[in-house]
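Me: I would like to go through some labels attached to this structure and ask what stands behind each one.

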2 protein chains.
Amino acid sequence: MALVVIGGVAAGLSAAARARRIDPRLEIVVLEKGPVISYGACGLPYFVEGRVREAKDLVVYTPEYFRRERKIEVRTGARAVSISHPRREVVLESGERVRYDRLVIATGARCDTSGIAGADQPHVFTLHTLGDAERLRRFIAEKQPRRAVVVGAGYIGVEAADALRRHGLGVTVLERSAHALLRDDADFTAAVRKTLEQHGVELRCGVEVTAVEAERVAGVPCDLVVLACGFRPNTAMAAEAGVELGRFGGIRTDDRMQTNLTGVYAAGDCAEVTHLVTGRPTYIPLGTTANKTGRVAGANASGARERFPGIVGTSIVGIFGTGFATTGFSAVQAKAEGFSPVRARIEGPARPRYFQGTKTVVELVADRATGRLIGGSVIGEEGAAGRINVIAAALHNRMRVDDFEQLDLAYSPPFSPVWDPLLIAAQQLKKEL
Amino acid sequence: MALVVIGGVAAGLSAAARARRIDPRLEIVVLEKGPVISYGACGLPYFVEGRVREAKDLVVYTPEYFRRERKIEVRTGARAVSISHPRREVVLESGERVRYDRLVIATGARCDTSGIAGADQPHVFTLHTLGDAERLRRFIAEKQPRRAVVVGAGYIGVEAADALRRHGLGVTVLERSAHALLRDDADFTAAVRKTLEQHGVELRCGVEVTAVEAERVAGVPCDLVVLACGFRPNTAMAAEAGVELGRFGGIRTDDRMQTNLTGVYAAGDCAEVTHLVTGRPTYIPLGTTANKTGRVAGANASGARERFPGIVGTSIVGIFGTGFATTGFSAVQAKAEGFSPVRARIEGPARPRYFQGTKTVVELVADRATGRLIGGSVIGEEGAAGRINVIAAALHNRMRVDDFEQLDLAYSPPFSPVWDPLLIAAQQLKKEL
C-alpha cells in the first residue's frame with residue numbers, strides 16, 4: 001500500500017506522520033513543491049519583524065528527520081501538476097509519475113494577485129512562504145524603505161503592518177471590504193483601527209486595489225508593498241482530476257476528510273469543512289484546522305476510522321500587544337446565515353480594579369429563536385485567547401446563554417475579576433433576548 | 001414584603017442587589033456583623049503583601065452607597081444570633097428583632113481554630129476578614145517578624161505564604177493532609193512544593209497542628225503564625241432554626257437556592273450546591289459561587305424564578321507568578337466519587353518554541369466507562385486561567401475526550417502553539433482510554 005501526500009507543510013505532514021503511526025508498513029511519500037517543509041507559516045510576520053531571528057527557527061522538521069525517524073520519503077522541489085485518479089498516479093512537473101493507493105491533497109491556499117497590475121515589481125511582496133518572508137526581510141535591510149502599503153486587512157495583512165511599523169516604516173493598510181480581520185462587525189473593526197492608529201498605522205477600508213504603481217498604491221505613496229489579499233484554496237489540479245469543490249472553491253470533504261473520489265482525501269487550506277454553528281460547509285483556512293484535518297485525513301487514509309466534526313471559526317491576532325479574537329459569527333454574519341441575532345457588548349477589567357486590570361471588551365451573539373450562543377469576540381491585552389476559547393467551547397456544545405452565564409470559571413485576583421467579563425456579557429445578553 | 005439578608009459580603013450583597021433590581025418596592029435589610037461590607041475577601045493576601053496598598057481599595061461599596069443608590073438598608077455591627085422562623089424574625093445580639101417575609105442566609109464560613117491550643121496569642125492570626133488582614137499587616141510592620149508558620153496549604157494558606165515571603169520572612173507551611181490546594185493529586189502537590197521551594201518556602205504535608213507554642217509550631221521556630229485552616233460553613237444559627245444541613249455541614253439548597261424552610265434561602269460559603277460532574281451536593285466555598293448563588297437566591301426571594309445549576313469546582317491560585325488551576329476531580333478524587341478514572345499529564349510550551357513559550361502542565365481526567373472528561377488541572381506562568389476555563393466549560397457540557405480533542409481553539413504565535421497543550425493532553429488521554 002502506498003500513500004502519497006501532496007503538500008509538505010502543516011496538513012500534509014500531519015497526515016503523513018499520523019498515517020505512519022497507524023500503519024508502520026505503509027509506503028508514504030510526501031511531495032512538496034517548495035525547497036523546505038514543515039515551517040510555521042503563521043510565524044512568517046514575526047520573522048519579518050525580527051522577533052523570530054532566523055528562518056530556520058521556523059522550520060520544525062527536515063526531510064532527513066522524516067526519512068530517518070518516521071520512514072517517510074519527503075521530496076522537496078517536487079511539484080505535482082496533475083492527478084490521474086483512474087491510474088492512481090500523481091504526475092510531477094518533471095514528467096515523473098508517482099503511484100498511489102491512497103492520496104491526501106494538502107495543496108494549501110495561494111495568493112491570487114492576478115487581478116493586480118504591477119504585482120511583479122521588485123518592491124512588491126506576498127507573505128505566503130518562507131522564501132517570501134526571507135526576500136521581504138532582505139529588502140527591508142538592504143533598501144531601507146520608509147513607507148509601506150499593505151493590501152488586505154486580514155490576519156496576515158494586519159500582522160505584516162505591525163511588523164513593518166516596528167521596523168520604523170510608515171504603514172497604510174488598504175482593505176477592500178468595510179471591515180478588518182474578516183469580521184463583519186463595525187465595532188470590532190473600529191477597535192482594530194483604533195489600536196493600529198495609536199501605533200501610527202492607518203487603516204483604510206472600502207479600497208479595492210487593482211494596480212500597484214512604481215511609487216504609490218491607490219494614491220498612497222510607498223516604496224514597499226505587501227499583498228496580503230486574494231487568498232484562494234489551491235484546488236485547480238484537484239478539480240481537473242474530478243475532485244468536487246464546494247461553494248467557496250475549496251475541496252468538499254466528508255467528516256472523514258474524504259473527497260468524492262474513493263481513497264482521495266483533502267486537508268488544510270485547500271479544503272472546506274463543516275461549520276459547527278450552522279452545520280454547513282465553510283472555508284476558513286487556519287493553521288489549527290490544517291493540522292487537525294491533516295491528522296484525520298492521514299488516519300483514515302491509512303486504515304483507521306477517525307472523524308473531524310468541524311470548526312467554529314476561532315482565531316486570534318495580536319496587534320501591538322493586544323489580542324483581537326473572534327469565534328462563530330458576528331451579528332451581521334449571523335443574520336446572513338439565517339439566524340435572528342441578538343448581541344451584547346461589554347467592557348470590563350481583565351482583573352479586579354485593585355489589581356490594575358486592563359480593559360477587556362467582550363461581545364456575545366445569540367440566536368433569538370433558540371437562546372443559543374452563535375458567536376463572540378474578545379479584545380484585550382490579557383486573557384483574550386483564554387476567553388475566546390471558552391466561547392469556542394460553548395459553541396462546540398451548542399450552549400445556551402443562560403447556561404453560559406452560570407459557567408464556573410476560575411477566579412483569583414491576579415488572574416480575573418470575580419465576575420469574569422464573559423459572564424457579565426452573558427448577563428447583558430440575557431436581558432436582550 | 002420584607003427581605004432580610006444575613007451577611008453583607010459577597011453572597012449577601014449580591015442577593016440584596018439582585019432582589020432590588022427585580023422588585024423596586026421590596027423592603028430590603030442586610031444585617032452584617034462586622035464593621036464593613038462588600039470587600040474583596042479574596043484580595044486579603046494581596047493586602048497583606050502590600051500589592052493592594054490600602055484596606056479601602058478592597059471595599060467595593062459602602063452602606064451609604066446601598067442606602068442611597070439601591071434603597072437597601074445595610075446595618076453593620078448587626079450580629080444575628082437566632083432565627084425564629086415560625087415568627088419570621090431574626091434576633092440580633094442586641095435583643096432587637098427584625099421581621100422578614102423572605103430570608104437569605106449568607107453567613108459565610110468561619111475559621112474554626114478551637115482545636116488549636118494557643119491560637120489566641122498576639123502573634124497568631126487568621127486571614128478571614130478585612131480586620132484580620134489589617135492586624136496582620138500592622139504586626140509585620142511593627143514587630144518585624146523573621147520566621148512565619150502558615151497552618152494549612154489551601155488557597156489562603158499558600159497565598160499568605162507567598163505574601164509573607166515577599167516581606168522577606170522565612171516561611172514554612174504545615175498541612176494536615178498529604179496534598180496542597182485541596183487537590184488530592186501527588187503530581188500537582190509536587191509542583192506546588194517545587195514552586196514554593198524555588199522561592200524559599202517550605203511545605204510540610206501530613207502535619208496536624210494541635211497547639212501553637214510561644215516560639216514554635218510543630219517544632220518549627222517562628223515569631224508569626226497564620227492559621228489558614230479549619231474552614232467550616234457558618235451554619236449553627238441556621239441549624240438551630242430548623243434549616244437542614246448536608247453531609248458537608250453546609251446548608252442544603254435546591255436549584256433555586258431555597259432551603260427546606262419556605263421562603264428561606266441560603267447562598268455563598270454557608271451553602272452546599274450541586275456538583276455538576278457527579279450531580280450530588282458538594283461544599284466548595286469560593287467567591288465566584290458566592291456571587292452567583294447570592295444572585296439567584298436574591299432573584300427567587302424577590303419573586304423571580306431563576307436557577308443555579310451547580311458548579312464544577314474551578315479554581316486558580318497564583319504562587320510566585322505561576323498559576324495553579326484545577327477543575328472537577330483529580331484521578332484519586334474521581335475514584336472516591338465512584339468513577340473509573342483515566343488520566344494523562346503532559347508538558348508543553350504555552351507558545352511556539354520560536355516564541356519562547358514557558359512550560360505549561362496540563363492534566364486531564366476522564367471516566368473510562370463513558371469517555372467523559374471529569375477533571376483537569378493546568379499549571380503555568382501564562383494562560384493557566386484561560387485553559388482551566390476551557391476544561392470547566394467542557395465539564396459543564398459533559399464533553400467526551402474525543403470531542404474535546406477537536407476543539408477549535410485560537411492560535412497565533414504570540415498567544416499559543418498550533419497544538420494547544422489542552423489538545424495534546426486530550427490526544428494522550430484518548431490513547432489511555
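The questions below concern a predicted model and take up two loop residues, a sheet and the relation of the chains.

Me: Why is B:R88 called partly exposed?

Reply: Partly exposed covers the range between under 20%, which is buried, and over 50%, which is exposed. B:R88 has a relative accessibility of 29%, so it counts as partly exposed.

Me: Where does B:R88 lie, and what is its phi?

Reply: In chain B, the loop between β4 (80-84) and β5 (89-92) holds B:R88. The phi of B:R88 is near 55°, a positive value in a residue that is not glycine. Most residues other than glycine have a negative phi.

Me: What makes B:F320 buried?

Reply: The cut-off for buried is under 20% relative accessible area. B:F320 has 14%, and therefore it is buried. This residue is in the loop between β20 (315-319) and β21 (322-328) of chain B, and its phi, near 45°, is positive although it is not a glycine.

Me: Which strands form the open sheet of chain B, and in what order?

Reply: The sheet has 5 strands in the order β20-β21-β24-β23-β22, with antiparallel pairing. β20 and β22 (341-349) of chain B are called edge strands because two strands count as paired if there are at least two bridges between them, and each of these pairs on one side only. On average, neighbouring strands of the sheet are turned by 10° against each other, with direction ignored.

Me: How do you know that β22(B) pairs with β23 of chain B?

Reply: Pairing takes at least two bridges. β22(B) and β23 (residues 359-367) of chain B are joined by 9 bridges and run antiparallel, so they pair. Opposite B:A344 stands B:L364 in β23(B).

Me: Which helix packs on this sheet?

Reply: Helix α7 (residues 186-198) of chain B does, touching β20, β21, β22 and β24 (373-380) of chain B. The direction of α7 makes about 160° with that of β21(B).

Me: Why is the relation of chain A to chain B that of a two-fold axis?

Reply: Chain A is superposed on chain B by a rotation of 180° with 0.0 Å of shift along the axis, and the RMSD is 0.0 Å. That is the relation of a two-fold axis. Among the residues of chain A, A:G386 comes closest to the rotation axis, with its C-alpha at 1.8 Å.

Me: How do you know that the copies meet through the same surface?

Reply: Of the interface residues of chain A, 100% are also interface residues in chain B, so the copies meet through the same surface.

Terms used: Residues numbered from 1 in each chain as written. Chains lettered and ligands numbered in written order. Predicted model: local features only at pLDDT ≥ 70, side-chain atom pairs only at ≥ 80, totals over all residues. Heavy atoms only, no water. Helix = DSSP H or I, 4+ residues; strand = E, 2+ residues; numbered from the N terminus. Buried < 20%, exposed > 50% of the residue type's maximum accessible area, 1.4 Å probe, protein only. Axes fitted to C-alpha atoms, helices over the stretch in contact; angles between N-to-C directions. Contact = heavy atoms within 4.5 Å. Least-squares fit on C-alpha atoms with pLDDT ≥ 70 in both.
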